Amino acid sequence: MATVQVSDLRKSFGALEVVKGVSIDIRDGEFLILVGPSGCGKSTLLRMIAGLEDISAGRIDIGGRVVNTLSPKERNIAMVFQNYALYPQMTVAQNMGFSLEISGMKKAEIDKKVAEASEILGLTPLLQRKPSQLSGGQRQRVAMGRAIVRDPDVFLFDEPLSNLDAKLRVQMRAEIKALHQRLASTIVYVTHDQVEAMTMADRIVVMRGGCVEQIGTPLELYDRPDNMFVAGFLGSPS
Ligand code: ADP
Ligand code: MG
């Protein structure tokens, strides 16, 4: 587990500034959801935390350590993407163990980590299957398994459920919440789905146009939205 502090973070692509001075203090073990309309800078912000995108200005601390110039690997985070990015030629077990293998971990230890993660995710009977033999929900679990085996300090999710049908999405929300409770991990989770944000988050960050509009618990944002945008976006009557 770890805190994540984002301080006056900025990102420009050429002349276009897409993250405009964002500051967020994420607590140890918190489930924080970034929500906002498409194009408001959620993925860019997440990718900067992950180290997949250079920052233009500002500072990121993970676990009290400035990580601005650290590689993704050195940050001890794990990211789960919307398209799963599984290796089609590998089995479930190989997909889950691959990052450990390239980091030089011994096979027996990899097998143990994979067994633990697949137990948590209900993937044990599927370890020898290929991704093409899995359902959408099972693929999403494998993608989470790949993150869990690495014991990251922070999990980053970028719209992990957006490729699933409505019924499965509801089920996976509950599974991810249960996972959060079990691992007591710090999670930063991006979605454009208001219901997902309201039902899953400890706190929600509402973004618009590269800026933070408001940060608060689902109830706070619903009861006391700072402005019409937050009220409208989260479906509050006021
Ligand atoms: P969101 O995830 O909230 O939908 P993004 O962070 O993906 O938004 O994108 C924010 C803005 O930055 C968009 O206008 C997008 O077109 C732009 N953008 C994202 N990545 C790049 C890039 N590599 N080059 C240029 N513009 C980009
Ligand atoms: Mg995005």
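Q: What makes the crossing of α4 and α5 right-handed?
A: A crossing is called right-handed if the near helix is turned clockwise from the far one by less than a right angle, and left-handed if it is turned anticlockwise. The crossing of α4 and α5 falls in the right-handed class. Helices here are DSSP runs of H or I with at least four residues, strands are runs of E with at least two, and both are numbered from the N terminus. Please keep in mind that this is a predicted model: local features need pLDDT of at least 70, side-chain atom pairs count only at pLDDT 80 or more, and totals for chains, interfaces and linings use all residues. Residues are numbered from 1 along each chain as its sequence is written, while chains are lettered from A and ligands numbered from 1 in the order in which they are written.

Q: Why are α4 and α5 called roughly parallel?
A: Their axes cross at roughly 25° and come within 11 Å. The axes are lines fitted to C-alpha atoms, for helices over the stretch in contact, with angles from 0 to 180 degrees between N-to-C directions. Angles under 35 degrees count as roughly parallel, over 145 as roughly antiparallel, 65 to 115 as roughly perpendicular and the rest as oblique. The pair is therefore roughly parallel.

Q: Which residues of α4 and α5 meet?
A: G136, G137, Q140 and M144 in α4 meet L168, M172 and L179 in α5; contact requires C-beta atoms, placed from the backbone, within 7 Å. By class, this contact has four nonpolar, three polar and no charged residues. Nonpolar covers Ala, Val, Leu, Ile, Met, Phe, Trp, Tyr, Cys and Pro, charged covers Asp, Glu, Lys and Arg, and the others, Gly among them, are polar.

Q: What makes α3 and α4 oblique to each other?
A: Helix α3 (residues 107-121) packs on helix α4 (residues 136-148) at about 140°, with the axes 9 Å apart. That angle belongs to none of the other three classes, so the pair is oblique. The α3 crossing with α4 is right-handed.

Q: How do you know that N83 is exposed?
A: N83 has 12 C-beta neighbours inside 10 Å. A residue is exposed with 12 or fewer other C-beta atoms within 10 Å of its own, buried with 20 or more, and partly exposed in between. N83 therefore counts as exposed. N83 sits in the loop between β6 (77-80) and α2 (92-102).

Conventions. Contact = placed C-beta atoms within 7 Å.
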